[in-house]
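Subject: Structure for you to look at

Hello,

Please find the structure below, followed by notes on what was found in it.

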Amino acid sequence: MEKSSAKKQVPIKEGMIKLPTKPGEQPCLLGSKCLSCGEVFFIRRSRCEQCQSDNLEHIELSRKGKLYSYSIMYYPAPPPYKPPDPFVPYGLGWIALPEGLAIISHLTENDPNKLHVGMEMELIIDKLEDDEAGNEVMYYKFCPVP
């Protein structure tokens, strides 16, 4: 029996990203919604930060949102980000999701002339690094919708 040479993909943080497990399945970001006050959170949690209730349901967040604000970073971020060598500037933006929250994200676009507030953005998953076990550690970015 042959060993599979495919590396296992794992999220950078549990409760943050749902990775595809079969062909055609789309990744998504994970969150929680408080059933007491309605607050929605990115990254699953067990207690509401707004009202302290533990009555939350786990949800999958929308794959598309609107660019709320952005900046081009001309210096490397601190770990766990591992910049390419040589360093390449990257876009960083706030993405407003239909669920009523905005999340910060790396962007696939780093040309400020190709970005504008209000443009539609879509989630993609990208490899950050290989971990000590040889797994591909995956994280999220948003790209402009053509």
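What percentage of the 146 residues in the protein is buried? Buried residues (under 20% relative accessible area, 1.4 Å probe, protein chains only) make up 37% of them.

This is a predicted model, in which local features need pLDDT of at least 70 and side-chain atom pairs count only at pLDDT 80 or more, while totals for chains, interfaces and linings use all residues. Residues are numbered from 1 along each chain as its sequence is written, and side-chain values use heavy atoms, with hydrogens and water left out.

The protein has ten strands (E runs in DSSP of at least two residues, numbered from the N terminus) and zero helices (H or I runs of at least four). Its C-alpha atoms fill a box of roughly 50 × 45 × 30 Å along the principal axes. Of the contacts (heavy atoms within 4.5 Å) with a separation of 6 or more, 48% join residues 24 or more positions apart.

The exposed area is about 9100 Å² (Shrake-Rupley, 1.4 Å probe), and carbon and sulfur atoms supply 51% of that area.

The largest pocket (an open set of points on a 1 Å grid where a 1.4 Å probe fits, with protein on both sides within 12 Å along at least five of seven lines) holds about 320 Å³ of space, the volume filled by probe spheres set on the points. Its lining (residues with an atom within 4 Å of a point) has 13 residues, and Pro80, Tyr81, His106, Tyr139 and Tyr140 lie nearest the centre. Two or more lining residues come from each of β8 (102-107) and β10 (136-144); β8 gives the most, with three.

Regards

Note on methods:
Buried < 20%, exposed > 50% of the residue type's maximum accessible area, 1.4 Å probe, protein only.
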